[in-house]
Amino acid sequence: MADTKDRWQPSPELRALLYTDFDGNPADPDDVIADALDDEGYLERTPGLTSILQDTSADPAARLLACCALTSWADPLGYDTVLQAAAAPDDVVWLGQSADRFFSQDDTFGQLADAVGASRDMVDERDSAGLRIEAARALISLADRFQFDRHISSLLSREIVEAAQDEIDATVARGITRLASGEHIPYDLGLQLALLTVAMKSYDEPGANDAMIRLAAAHPGERALRELADATGSSLWLL
């Protein structure tokens, strides 16, 4: 779940929904979201989170948390909100409300990626498998422009990769061009692209190998090169 801004405190409504477990005890939102899947407890919390998410005057960090929870539960509103965010990513109300600990860069799209990935086991029950795939494809298309770091792996399950081949190919190509330009990028884009190129191997091994070579030539960083080495079983990427 998102690491929200320093000194941020949830409202009483959000505290009751995501910071209180089903026995009434204080809890971490991640645990509440997971526990809500037992005995359909998510149904109890959904109306309140829906109200927060749809309230345009609500605290942006609260709306992000509500979106992550609903999306994790494969709720159609959660997926629709992810799609809306991906369609206008620079204008998302909660942009900047969560930052990673290493680069201090916005990681809200990474949080959404984790939520989409985590919803895999719920889509049949909620009849929302198609929306999950759409949301995943939309997020993958942003991975050359926004920080995902290792959260991108949450979108690389077999069924998503099979459906998102075009998005992966295009994102990798754009990202390599961006790296090769020498532009200063304040997060590890190389790692994100490496994880995507490894995923490419499942449907286009020659294309993936070519992308790996081009990525390595663009100086993607040590973490990216280690991913390529681990995926291919060759230490030559590290030389």
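In the predicted model, the largest nonpolar core holds 78 residues, among which Leu18, Leu112 and Leu139 touch the most other members. The helix that gives the most to this core is α4 (residues 60-72), with nine residues. In soluble globular proteins, nonpolar side chains tend to be buried together.

Leu112, one of the three residues that touch the most other members of the core, is in contact with Leu64, Cys67, Cys68, Val82, Ala85, Trp94 and Leu139, when its neighbours within four places in sequence are left aside. Leu112 is also one of the buried residues of helix α6. This helix spans residues 108-118 and is largely enclosed by the rest of the structure, because nine of its eleven residues are buried. Besides Leu112, the buried positions of α6 are Thr108, Phe109, Gly110, Gln111, Ala113, Ala115, Val116 and Gly117. The packing partners of the buried residues of α6 are α4, α5 (76-87) and α8 (129-140).

Two packed helices are described by the angle between their axes and the distance between the axes. For α5 and α8, the axes come within 9 Å and cross at roughly 25°. This angle is under 35 degrees, so α5 is roughly parallel to α8. The crossing of these two helices, α5 and α8, is left-handed. On the α5 side, the contact is made by Pro76, Tyr79, Asp80, Val82, Leu83 and Ala86, and on the α8 side by Leu131, Arg132, Glu134, Ala135, Ala138 and Leu139. By class, nine residues of the contact of α5 with α8 are nonpolar and three are charged, with no polar residue. Two of the residues in this contact, Val82 and Leu139, are also in contact with Leu112.

A second helix pair is formed by α11 (residues 189-200) and α12 (residues 205-217), whose axes come within 8 Å and cross at roughly 160°. The angle is over 145 degrees, and α11 is therefore roughly antiparallel to α12. The crossing of α11 and α12 is left-handed. In this contact, Gly190, Leu193, Ala194, Thr197, Val198 and Met200 of α11 meet Glu205, Gly207, Ala208, Ala211, Met212 and Leu215 of α12. The residues of the contact of α11 with α12 comprise eight nonpolar, three polar and one charged.

Technical notes: Residues numbered from 1 in each chain as written. Predicted model: local features only at pLDDT ≥ 70, side-chain atom pairs only at ≥ 80, totals over all residues. Heavy atoms only, no water. Core = buried A, V, L, I, M, F, W, Y, C linked by side-chain atoms within 4.5 Å. Buried < 20%, exposed > 50% of the residue type's maximum accessible area, 1.4 Å probe, protein only. Helix = DSSP H or I, 4+ residues; strand = E, 2+ residues; numbered from the N terminus. Contact = heavy atoms within 4.5 Å. Axes fitted to C-alpha atoms, helices over the stretch in contact; angles between N-to-C directions. Parallel < 35°, antiparallel > 145°, perpendicular 65-115°, else oblique. Left-handed = near helix turned anticlockwise from the far one by under 90°. Nonpolar A, V, L, I, M, F, W, Y, C, P; charged D, E, K, R; others polar.
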